[in-house]
There are 2 protein chains.
Amino acid sequence: MKKIILGSACLLVSTLFASAQTKSIAGFSEQSSAQQRQTETTFNNTLSAENIGATIRQFSDRPHNIGSPAGKLYADQIAARLKDYGFETNIETYQVLFPTPKTRLLEMTSPAAYKAILKEPALKEDATSGQEGQLPTYNAWSADGDVTGDLVFVNYGLPADYDELAKLGVDVKGKIVIAKYGQSWRGIKPKVAQEHGAIGCIIYSDPKDDGYFRGDVYPKGAFKNEYGVQRGSVMDMVVYPGDPLTPGIGSTKDAKRIASHNEAVNLLKIPVLPISYKDAQPLLAALEGPVAPAAWRGALPLTYHIGPGKTKVHLKLEFNWNTVPCYDVIGKIKGAQYPDQWVVRGNHHDAWVNGAADPASGLASMLEEAKSIGALLKSEWKPKRTLVYCAWDGEEPGLIGSTEWLEDHQQELQQKCVVYINTDNNGRGFLEAGGSHALTPLMDGIAKELTDPQTKVSLFERANARQVVNATSTKSKKDALSKKDLDLGALGSGSDYSSFLQHAGIPSLNLGFGGEDEGGEYHSIYDSYDDYRRFKDPGFAYGLALSQTAGLAVLRMANADVLPFNFSSLHKTINSYVTELQSMVDDLRDATATENEVIGKKLYQLAADPTLTYNPPAAKDPIPYIDFSGLKNALDKLQKNADSLSSSSKKMLTAGTSEATFNNKLYQAEQSLLLPDGLPRRSWFKHSIYAPGFYTGYGVKTMPGIREAIEQRNFKEAQEQINAAAAAVNRLAEYLGKL
Amino acid sequence: MKKIILGSACLLVSTLFASAQTKSIAGFSEQSSAQQRQTETTFNNTLSAENIGATIRQFSDRPHNIGSPAGKLYADQIAARLKDYGFETNIETYQVLFPTPKTRLLEMTSPAAYKAILKEPALKEDATSGQEGQLPTYNAWSADGDVTGDLVFVNYGLPADYDELAKLGVDVKGKIVIAKYGQSWRGIKPKVAQEHGAIGCIIYSDPKDDGYFRGDVYPKGAFKNEYGVQRGSVMDMVVYPGDPLTPGIGSTKDAKRIASHNEAVNLLKIPVLPISYKDAQPLLAALEGPVAPAAWRGALPLTYHIGPGKTKVHLKLEFNWNTVPCYDVIGKIKGAQYPDQWVVRGNHHDAWVNGAADPASGLASMLEEAKSIGALLKSEWKPKRTLVYCAWDGEEPGLIGSTEWLEDHQQELQQKCVVYINTDNNGRGFLEAGGSHALTPLMDGIAKELTDPQTKVSLFERANARQVVNATSTKSKKDALSKKDLDLGALGSGSDYSSFLQHAGIPSLNLGFGGEDEGGEYHSIYDSYDDYRRFKDPGFAYGLALSQTAGLAVLRMANADVLPFNFSSLHKTINSYVTELQSMVDDLRDATATENEVIGKKLYQLAADPTLTYNPPAAKDPIPYIDFSGLKNALDKLQKNADSLSSSSKKMLTAGTSEATFNNKLYQAEQSLLLPDGLPRRSWFKHSIYAPGFYTGYGVKTMPGIREAIEQRNFKEAQEQINAAAAAVNRLAEYLGKL
């Protein structure tokens with residue numbers, strides 16, 4: 001085995017550093033850069049794609065959701081591995097709520113009888129698809145319920161879809177809605193349905209978004225077949241994630257809990273069930289009422305109507321509201337120089353079913369890094385800072401393991417955690433990196449030095465090529481062509497970085513590859529090793545690339561002389577958000593005035609087909625001018641102080657001085673951006689720059705307090721939030737000024 | 001009957017003139033305006049929606065394509081009606097080529113056997129759908145052929161689709177292509193396929209464009225059911241329309257003809273067949289090769305692949321290439337004052353099958369006008385100018401009746417024809433008016449005075465409301481809101497105005513209503529009275545509106561003191577086209593330079609999935625700067641002379657002088673815009689401002705010589721065409737200057 005690894009490693013050495021080998025690494029002096037590159041080459045030489053594949057196979061060989069026997073088994077196996085690699089390892093266990101289905105019934109009772117199948121069949125082409133112990137198709141945190149009502153098709157079930165329904169004279173009060181998966185995180189759909197008075201919610205995967213329209217279906221191709229169902233959580237995680245009974249605190253055995261899940265404000269009051277397009281088709285075909293707007297229609301061979309009509313459905317769901325153990329595996333290597341500065345690296349280990357892609361692919365890359373770090377330790381090398389490798393449980397139902405651990409250790413982590421580096425599912429394609437924008441130069445350096453396994457150019461070049469090619473206007477193509485630095489994305493939610501970044505203000509990164517690994521296996525029994533090796537990352541070259549990428553980020557943050565935080569990059573990013581928000585308000589003002597003129601002249605009525613029901617929209621309040629000056633002034637101050645800090649860091653590097661307390665202050669700086677009261681109506685989310693959208697879910701809203709107030713046309717709140725963000729930016733500027 | 005007509009007419013009187021009754025009519029003095037309005041009210045009072053419905057029913061009660069027994073019967077019936085109304089009527093007969101099918105066979109021979117049905121079934125809900133004498137589903141002017149080959153899906157079959165195929169490494173040489181109906185006139189698809197070396201072409205109606213995706217299918221709803229097939233001509237009418245054997249001359253009995261249809265340059269060399277989506281589905285489902293780009297995919301429940309693969313099809317088509325009589329019905333009422341100034345009004349009478357919408361709906365409105373004019377004649381009223389009402393035969397296979405008549409009488413018509421006013425199929429909705437832009441004020445006046453039957457606002461207001469509501473940006477909404485005048489569309493092709501306007505330079509209008517009459521009946525057996533009365537114009541209120549609109553245009557052009565040609569409007573329109581063309585060249589220059597940079601840096605390859613075939617596009621020649629100054633100078637001169645002519649016309653009206661020769665010159669002015677050599681590669685098309693697109697068909701290309709040269713990146717020709725257009729505009733300016 002070892003020979004093969006070294007053999008393939010030799011090939012890799014020549015391509016590990018695509019370029020820039022003569023340049024210093026961000027945060028390292030010239031001298032220590034050379035040393036660091038040697039460490040990184042050694043690190044790389046023990047990574048093995050083949051081994052990553054074997055690890056994916058191991059950690060997807062049976063269903064292993066939180067609370068399952070295999071969940072415990074895998075936690076133990078991961079712990080054993082980390083120990084074996086030289087990590088000081090333990091399993092921290094939390095006691096958390098986790099509902100599983102007891103009864104699932106969906107039937108159409110009128111105009112024809114149809115009983116939904118609610119079952120994905122085993123396939124001979126997929127070795128694990130027929131295993132015992134699979135969680136059935138369901139949405140965790142649906143309410144218990146037994147409801148019967150008229151059915152209404154609500155497109156993706158977003159607020160704008162209900163505006164459209166109102167125009168067509170359809171309301172959902174007392175009815176059951178059927179929504180398509182897509183365009184938002186799934187939990188938004190039942191939440192908005194509930195807000196509009198629906199009594200139940202069905203979510204299905206339309207073949208246009210996730211099925212034969214996209215490509216050949218499984219097992220012939222990668223896309224969702226007619227029986228495939230996306231499981232998933234519908235906890236209102238944009239209010240708070242983690243165990244719903246213990247917001248803000250770790251759900252240790254004796255933690256003070258909310259008395260009942262019925263009192264948790266982030267849980268639904270209506271039943272929700274995900275179904276396949278095979279089960280959706282008879283329901284949709286039976287709908288009457290207006291024909292759905294063109295943009296709502298999917299790829300089923302029928303005319304999409306909205307309903308209601310004679311179509312009645314009966315939805316009955318009951319759950320076991322059990323408390324289960326949540327096993328977080330935590331492995332540490334003590335820092336030789338700064339043991340109280342922690343570089344934290346994590347990936348979850350729980351899956352909905354077998355989870356070869358989600359999460360085993362990211363987990364395998366992380367364990368491969370740990371293995372290589374273990375090998376480094378056997379040489380002279382020691383990390384300056386402490387490394388903490390974490391495998392989280394309970395990510396799928398609500399980021400539970402990571403959130404509980406963060407909440408449990410919040411004070412210590414806010415003191416010690418230099419950075420949290422997250423991965424999750426991984427596949428073939430392009431580097432997709434998101435995170436705290438002060439870390440842009442770190443990731444920019446890595447993306448420019450590492451080589452894409454397929455094209456042999458740097459990760460940056462390949463990602464940039466995609467950006468250029470996908471740009472839809474000449475202007476945006478030119479902008480992309482002129483990009484010199486990596487575009488670090490802003491983080492919303494959907495994986496375990498959320499509590500670190502958005503609750504605790506700890507600098508975070510989320511890394512992965514994708515774009516050439518599309519398929520329909522997500523959260524189904526077909527997210528299997530057989531699917532993964534055929535469609536997601538054949539040969540596991542991108543598993544290796546992820547180990548390299550995250551590994552370099554870990555090693556550089558662990559051993560940097562001066563931590564590579566660049567607040568000038570952060571300033572530039574925030575400034576671009578604010579410019580965007582200002583335009584957004586101006587555009588909204590212009591659009592609202594125009595729209596009100598159209599409404600006032602009754603042009604909607606005149607343009608509408610008089611034979612169809614049509615309720616024109618109501619005029620909206622004119623958009624006031626609001627005051628961004630405080631925020632702009634704060635940004636000016638931030639720019640000045642950030643630029644002068646950058647100079648100090650450079651000087652330190654040249655002088656070869658490195659100070660623990662200076663570094664300490666650098667990584668704690670982002671906490672200045674936390675809002676003392678959190679975001680309106682969801683105080684758990686405290687970051688003033690990044691949050692998941694209240695009505696989009698995973699999708700990020702940058703400057704969330706301001707942006708969402710504008711979107712909701714609440715300009716009093718928008719002004720308050722501008723002021724709150726200005727105070728946060730001022731705090732950061734002043735903090736940096738004192739360094 | 002008469003009582004009822006008067007009764008309903010009384011109701012209409014109050015709404016005929018929505019507004020502006022106190023303003024003078026364009027082209028009329030104040031005094032004659034009042035008299036004209038009285039005439040128009042009387043005219044209107046004898047129009048009857050009910051009667052229009054009965055006429056539609058009569059002229060769709062059996063299949064009546066050119067050359068059929070009912071075609072002759074209908075011509076005779078129309079002639080009898082016109083005679084009865086007081087028109088001096090005769091039938092002018094041409095002898096024209098018209099192919100009908102002898103053999104139609106389409107079968108898939110591999111990987112599975114499938115024989116196409118090629119037949120629309122009779123429906124009990126559609127009384128005429130089971131009649132004898134229906135033309136089978138076919139494309140007229142397909143070549144005879146018996147071909148077998150691999151099948152390739154080519155999207156809509158347009159040039160850009162073949163660029164995409166080249167990128168994917170697929171060519172069609174020696175293969176049979178299957179293209180979707182839509183996005184271009186159908187004849188473009190086999191023409192482009194033939195240019196690329198295909199040996200056969202199948203065209204089908206995808207349910208996304210024309211089927212259940214759009215709405216409920218016939219007979220439940222209006223949209224195309226799985227068996228529906230769109231017949232239609234694939235003659236290359238953008239080269240020349242009419243009988244392919246007699247380009248430029250009338251196909252009278254003794255006309256000199258091209259020896260054989262095989263020598264006609266506007267006929268295809270490959271066989272073409274239209275099919276239903278039921279017949280297309282097994283073929284498309286069997287295709288292998290790359291998955292089609294997302295924009296290519298339709299609404300069939302399958303993954304759209306491009307092919308080729310094991311899918312082989314056999315297409316065998318044979319036609320009877322018969323010569324048939326073409327019966328144009330021509331009815332005249334001699335002008336009392338200017339008998340040699342003719343206002344020509346036309347609509348075709350032939351259909352592919354029953355043709356209730358196409359053409360009986362427009363024909364019925366025209367005959368209703370004729371009836372009312374007949375009633376006017378029985379009072380004191382006489383038209384000043386001669387009225388010529390024409391019902392054309394052979395429009396469907398290639399605008400044959402109108403083209404042969406125009407070519408036969410070209411010199412006389414260029415002398416006498418004041419305007420040609422065309423209608424064709426009509427339906428519920430919005431006024432859609434296109435034509436020579438010097439006639440903008442005429443149509444603007446009519447659109448503002450007439451009332452929309454459903455909303456009771458003016459036709460202009462309703463059409464403008466739609467424009468505002470459909471605008472996709474705030475800027476375009478504001479532009480539409482600020483519009484004070486009717487947007488007269490530019491004319492491409494697709495109906496009988498083509499030869500008048502584009503070959504002879506006779507000012508033309510094309511009028512109709514639509515937008516709330518969508519369906520899938522077009523050129524199928526289901527374009528029936530049963531379909532029409534349910535889905536196209538229930539109650540025939542828009543049939544009446546069309547009679548009013550076209551009738552007022554006829555009556556005003558017939559009796560105007562000074563013909564309402566406004567060349568300032570024309571100047572404004574041409575000027576906007578030229579501005580657009582200049583931006584187009586600049587944008588293309590910018591886009592090409594950027595694209596070449598992307599190609600030069602090999603970014604397409606880097607962004608592409610390396611596991612799939614991908615041929616990057618080749619760099620294109622940089623776009624030179626070209627000289628629009630001659631054209632701009634000519635436009636300046638046109639503006640000056642047009643403005644001063646407008647003043648003269650006004651003065652004449654105020655003075656109450658009206659001169660036959662001045663009017664003569666006004667309506668002949670547009671002929672100055674004809675290009676002596678016609679357009680490149682299609683000299684039959686002579687208008688410098690309007691033509692159907694060489695690669696779009698019906699769709700108009702304004703400033704066609706210039707625009708198409710730019711689109712084809714032929715900048716030498718673009719410059720030549722700018723110069724030719726400048727000469728034409730100069731000719732018009734000088735001509736007007738001498739008036």
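**Group meeting: cysteines, chain A overall, and some backbone details**

A search of the whole structure, over all chains, turns up zero disulfides. Keep in mind that this is a predicted model. A disulfide is a covalent bond between the sulfur atoms of two cysteines. Take Cys326(A): the nearest cysteine sulfur belongs to Cys390(A) and is 12 Å away. The cut-off for a disulfide is 2.5 Å, so Cys326(A) is in none. Cys326(A) counts as buried because its relative accessibility is 0%. In chain B, Cys417(B) is in no disulfide either, and there the nearest cysteine sulfur, from Cys390(B), is 8.6 Å away. Cys417(B), with 1% relative accessibility, also counts as buried.

Next, chain A as a whole. Chain A has 24 helices and 16 strands. Its radius of gyration is 26 Å, close to the 27 Å that the globule rule gives for 739 residues, so chain A is as compact as a globular protein of that length. Along the principal axes, the C-alpha atoms of chain A fill a box of roughly 80 × 60 × 55 Å. Of the 739 residues in chain A, 63% are buried. If we take contacts in chain A with a separation of 6 or more, 80% are between residues 24 or more positions apart. The exposed area of chain A is about 25800 Å², and carbon and sulfur atoms supply 51% of that. On charge, chain A carries 78 positive and 85 negative side chains, with the centres of the two sets 2 Å apart.

One residue in the last helix on my list for chain A: where is Tyr735(A) found? Tyr735(A) is in helix H24, residues 715–737. Tyr735(A) counts as partly exposed because its relative accessibility is 23%. Outside its neighbours within four places in sequence, Tyr735(A) is in contact with Lys665(A), Gln668(A), Ala669(A) and Ser672(A). Gln668(A) is 67 residues from Tyr735(A) along the chain, and their C-alpha atoms are separated by 9.9 Å.

Now to chain B and helix H23, residues 704–711. Seven of the eight residues in H23(B) are buried, so the helix is mostly covered. The cover over those buried residues includes helices H19, H21 and H24, and strands S15 and S16, of chain B. Glu708(B) is one of the buried residues of H23(B), and Arg682(B) is in contact with Glu708(B). Arg682(B) itself lies in the loop between helix H22 and strand S15, and is buried at 3% relative accessible area. Among the other contacts of Arg682(B) are Val238(B), Val239(B) and Phe694(B).

Last, the backbone. Most residues other than glycine have a negative phi, and most peptide bonds are trans. Which residue in the loop between S16 and H23 of chain B has a positive phi? That is Met703(B), with phi about 45°; Met703(B) is buried, at 0% relative accessible area. After H23(B) comes Arg713(B), with a positive phi near 60°. Phe540(B), in the loop between helices H17 and H18, has a positive phi near 65° and is buried at 9% relative accessible area.

There are cis peptide bonds to mention as well. Ser110(A) and Pro111(A) are joined by one, with omega about 0°, and Pro111(A) sits in the loop between strands S1 and S2 of chain A. Another joins Tyr218(B) and Pro219(B), with omega about 10°. Pro219(B) is in the loop between helix H7 and strand S7 of chain B.

Notes: Residues numbered from 1 in each chain as written. Chains lettered and ligands numbered in written order. Predicted model: local features only at pLDDT ≥ 70, side-chain atom pairs only at ≥ 80, totals over all residues. Heavy atoms only, no water. Buried < 20%, exposed > 50% of the residue type's maximum accessible area, 1.4 Å probe, protein only. Helix = DSSP H or I, 4+ residues; strand = E, 2+ residues; numbered from the N terminus. Rg over C-alpha atoms; globule rule 2.2 N^0.38 Å. Contact = heavy atoms within 4.5 Å. Areas by Shrake-Rupley, 256 points an atom, 1.4 Å probe, with all protein chains shown as cover. Lys, Arg positive; Asp, Glu negative; His and termini not counted. Charge placed at Lys NZ, Arg CZ, Asp CG, Glu CD.
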